[in-house]
Amino acid sequence: MHDVDRVEITPEILLKAYAAGIFPMAEDADDPAIYWVEPRARGVLPLDGFHVSRRLARTVRADVFEVRTDQDFDAVIAGCAAPRGSAERTWINGRIRDLYGALFDAGHAHTVEVFSRGERVGGLYGVSLGAAFFGESMFHTERDASKVALVHLVARLRAGGYRLADTQFVTDHLSQFGAEEVPRHVYKRRLAQAIGVPANWHVWPGDGSLRGRDVLAALGGAED
């Protein structure tokens with residue numbers, strides 16, 4: 001972890017960092033400093049072999065939620081930054097919000113947003129570079145909302161020709177979907193291969209019209 005508090009970070013520098021296998025974090029929301037992070041082992045989601053439980057597949061297929069993309073980046077990152085417990089701190093500070101907001105305006109950051117009865121109840125955001133997608137954070141205020149967002153994300157990545165889905169680290173939440181750690185040198189090789197080819201985030205509409213059965217079909221037998 002390297003302190004970059006004295007360096008002016010621009011969206012262009014941020015994209016170059018991602019291309020090199022590095023990403024920024026802050027200690028907490030009240031600390032203005034930003035640090036570069038390069039884990040020895042990197043978390044990745046398999047685009048082939050993504051696991052969806054039968055229960056979750058039923059939820060996706062039933063279209064319990066409406067799922068949209070790129071509707072309100074500020075609302076999604078605010079949801080991700082909101083405290084989830086009295087002892088939990090967020091790593092998303094004001095500089096992080098501004099930087100990723102600029103990436104969103106430039107078309108390099110994207111959201112998957114989950115709605116129930118017209119209210120945003122979950123979502124995620126990340127960065128797209130070539131055929132690599134770097135997942136940053138997710139949130140939910142209703143059961144299964146973030147899981148449904150993740151299913152829609154991976155299906156979109158598969159349909160759009162992406163080759164790498166980066167999760168930074170592997171958590172218990174992500175491991176149930178098949179997330180695994182790969183050594184740094186393996187990750188960098190896969191990263192270099194992915195960012196050198198194009199992919200299409202907009203392969204599907206993001207207006208909520210996409211049906212869950214089509215999402216599951218795009219995952220090609222991911223249901224456990």
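# A tour of helices, pockets and rings

H1 and H4 are roughly perpendicular to each other, a word used for angles of 65 to 115 degrees, with under 35 roughly parallel, over 145 roughly antiparallel and the rest oblique. This is a predicted model, in which local features need pLDDT of at least 70 and side-chain atom pairs count only at pLDDT 80 or more, while totals for chains, interfaces and linings use all residues. Residues are numbered from 1 along each chain as its sequence is written, and side-chain values use heavy atoms, with hydrogens and water left out.

**Stop 1: H1 and H4**

Select residues 11-19 for helix H1 and residues 94-105 for helix H4. Their axes come within 9 Å and cross at roughly 90°. Axes are lines fitted to C-alpha atoms, for helices over the stretch in contact, and angles run from 0 to 180 degrees between N-to-C directions. Helices (H or I, at least four residues) and strands (E, at least two) are DSSP runs, numbered from the N terminus.

Now show the side chains. From H1, pick Pro-11, Leu-14, Leu-15 and Tyr-18. From H4, pick Leu-99, Tyr-100, Ala-102 and Leu-103. These residues make the contact, meaning heavy atoms within 4.5 Å. How do they divide by class? There are 8 nonpolar, no polar and no charged. Ala, Val, Leu, Ile, Met, Phe, Trp, Tyr, Cys and Pro count as nonpolar, Asp, Glu, Lys and Arg as charged, and the others, Gly among them, as polar.

**Stop 2: a ring pair**

Keep Tyr-18 of helix H1 and add Phe-134 of strand S8. The two residues are 116 residues apart, so the pair links distant parts of the chain. Their ring centres lie 4.8 Å apart with planes at 50°, so the pair is tilted. Rings of Phe, Tyr and Trp (its six-membered ring) pair if their centres lie within 6.5 Å; planes under 30 degrees apart count as stacked, over 60 as edge-to-face and the rest as tilted. The structure holds 7 aromatic pairs.

**Stop 3: H2 and H5**

Next, select helix H2 at residues 54-61 and helix H5 at residues 145-159. They pack at an angle of about 80°, with axes 10 Å apart. H2 and H5 are therefore roughly perpendicular. On H2, show Arg-55, Leu-56, Thr-59 and Val-60. On H5, show Lys-147, Val-148, Val-151 and His-152. The contact residues divide into 4 nonpolar, 2 polar and 2 charged.

**Stop 4: the largest pocket**

Select Glu-136, Ser-137, Met-138, Thr-171 and Leu-174, which lie nearest the centre of the largest pocket. The pocket has a volume of about 730 Å³ and a lining of 33 residues. On a 1 Å grid over the protein atoms alone, a pocket is an open set of points with protein on both sides within 12 Å along at least five of seven lines, a cavity is a set where a 1.4 Å probe fits but cannot get out, and lining residues have an atom within 4 Å of a point. Grid points are joined across faces, edges and corners, and a volume is the space filled by probe spheres set on the points.

Which strand gives the most to the lining? S8 does, with 7 residues. By class, the lining has 18 nonpolar, 9 polar and 6 charged residues.

**Stop 5: the cavities**

The structure holds 3 cavities of 30 Å³ or more. The largest has a volume of about 80 Å³. Select some of its lining, including Val-67, His-152, Trp-204 and Leu-210. Strand S5 (66-69) and H5 each supply at least two lining residues.

The second largest cavity is about 40 Å³ in volume. Among the residues that line it are Asp-63, Phe-65, Glu-66 and Arg-211. Its lining has 3 nonpolar, 2 polar and 3 charged residues.

**Last stop: two loops**

Select Asp-70, in the loop between S5 and helix H3 (73-81). Its phi is near 55°, a positive value in a residue other than glycine. Then go to Arg-117, in the loop between strand S6 (109-116) and S7. Arg-117 has a positive phi of about 55° although it is not a glycine.
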